[in-house]
Amino acid sequence: MAYNNLEYKQIANGVKYICIDTDKFNTNSLILDMYLPVDDNLPAYKILASLLTRSSSNYPSQKLMDSKLEWLYGANISSTTKITGEMFHIAYKVIMVDDKFAVDNEKISEMTEDFLFDIILNPHFDGDAFDEADTDREKRTITDELNSIKNDKISYASRRLKEIMCSNQACGIGLDTMLKGINDTDKNMLYNAYFEMLSRANIAVTACGRLNADKLEEKIRGFVSNIKARNPIEERYKYITETGDVKYVKESMDMNQSKLDIGFRTMMKDRKDNYRAYSIMTDIFGGGPYSRLFTNVREKMSLCYYCSANFTRDIGVIALQSGIENENYDKALEEILNQFDIMKKGEFSDSELEASKKSTIDSYKGLDDSPMRICYFYAAQVFDERIRSKDEIIREITFIGRDQVTEAASNTSLDTVYFLAGEAEE
């Protein structure tokens, strides 16, 4: 899909802006990203991410917030968090109806943008602290969310692999460490962390739809100008290229199906280092139903219930997840590593290579299905040297060949094997 216009600029220190003008959709989308240091304030930042969408100075309850959003033609504001590289990433996401559906020529998109900036700049304070009831509510919600990971054994094993493998990286922060930090955070600590958040955040705003780019830029400038003592962090990534001795860790849990998760490290030195070849290589190894793990380890040999791998560009790590029977541990591990050796030798088929490239290209072609997906696509490039179009990336993928994929596999080493053994009673 061709856009009417695409603007990308840095409008202040630590503030970037991407606006994609298109009239294809009935809704407009906006993402306000904040990238923060992973430090002692991390638990407070996680609490703030959701707390600021629940209440504000002008709308001090969830009910009043919801009522305002309904008045804005059912606009939706939500937040998500994750660790990206060595930064804590908060994404405030907005979906709003296009102005053409408003009565009396109301500027719904502009009013929704104003509402987003207002709730971030004007929280519901109780004097020089956050409201205690609000704070306790969010702490309970996040604690329940984190504890639920232990009940989802697939997610828990994946998290434990990352904790063990990346213990000296930001993404390796332990679940118990985060839970303790959330529990220890009080309303006064949250108040101090809020101002640190606004001061230190590297901010990016990405918007897509029928929006007034100039007015939105003006609003962003006004939003930033209302933040005192801005001292934004630089982007932070940490790539480890040496694996040392392979770490083998076994733990047990009361469950029926065991989990075998395996971590590999690539030789990536930065975000742009051959990452498309690593991505295609990982997909051939453990992506879709055409992958070697699916067709061989799961289907032909029946050694696991599921088996797949994914590549994380921001840390240069490949993580494999599988569900197995206890007695199949040795066979499954041996065959998984055998399949990776096949990747290193370049003995995968041309049809596997082409199937992976086609699947990846199709996923990019589907980006134009919604304005939020377009926002995700461009927001993910905010720290790249330049913004690439979907068509440009598709061309890059088209030209990835066997030698590049084989080289990527050869430059990847086994780092950690984590086995979560099931010990359910008969």
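**Exercise 1. Decide whether Phe130 is buried or exposed, and describe its ring partner.**

Solution. Phe130 has a relative accessible area of 2% and is therefore buried, where buried means under 20% relative accessible area, exposed over 50% and partly exposed in between, with a 1.4 Å probe and protein chains only. This is a predicted model, in which local features need pLDDT of at least 70 and side-chain atom pairs count only at pLDDT 80 or more, while totals for chains, interfaces and linings use all residues. Residues are numbered from 1 along each chain as its sequence is written, and side-chain values use heavy atoms, with hydrogens and water left out.

The next step is the partner: Tyr194 is also buried, at 1% relative accessibility. The ring centres of Phe130 and Tyr194 are 5.9 Å apart and their planes stand at 80°, so the pair is edge-to-face; rings of Phe, Tyr and Trp (its six-membered ring) pair if their centres lie within 6.5 Å, and planes under 30 degrees apart count as stacked, over 60 as edge-to-face and the rest as tilted. Because Phe130 lies in the loop between α3 and α4 and Tyr194 in helix α7, the pair ties together parts that are 64 residues apart in sequence; helices (H or I, at least four residues) and strands (E, at least two) are DSSP runs, numbered from the N terminus.

Finally, ring pairs link Phe125, Phe130, Tyr191, Tyr194 and Phe195 into a cluster.

**Exercise 2. Find in which order the strands form the sheet, and which strands stand at the edges.**

Solution. Six strands form an open sheet of mixed pairing, in the order β1-β2-β6-β3-β5-β4, and two strands pair if DSSP finds at least two bridges between them. Since β1 (5-12) and β4 (76-84) each have a single partner strand, they stand at the edges, and one side of each is left without a neighbour in the sheet.

Turning to single pairs, β3 (residues 27-37) and β5 (residues 87-97) run antiparallel and are joined by 11 bridges, with Leu32 opposite Tyr92 in β5. Strands β4 and β5 are likewise antiparallel, over nine bridges, and in their hairpin, which has two residues between the strands, Gly85 takes a positive phi near 65°.

**Exercise 3. Explain why Cys304 is not bonded to Cys307.**

Solution. A disulfide is a pair of cysteine sulfur atoms within 2.5 Å. The closest cysteine sulfur to that of Cys304 belongs to Cys307 and is 4.1 Å away, which is too far for a bond. The sulfur of Cys375 is 5.2 Å from its closest cysteine sulfur, in Cys208, again too far, and the structure holds zero disulfides.
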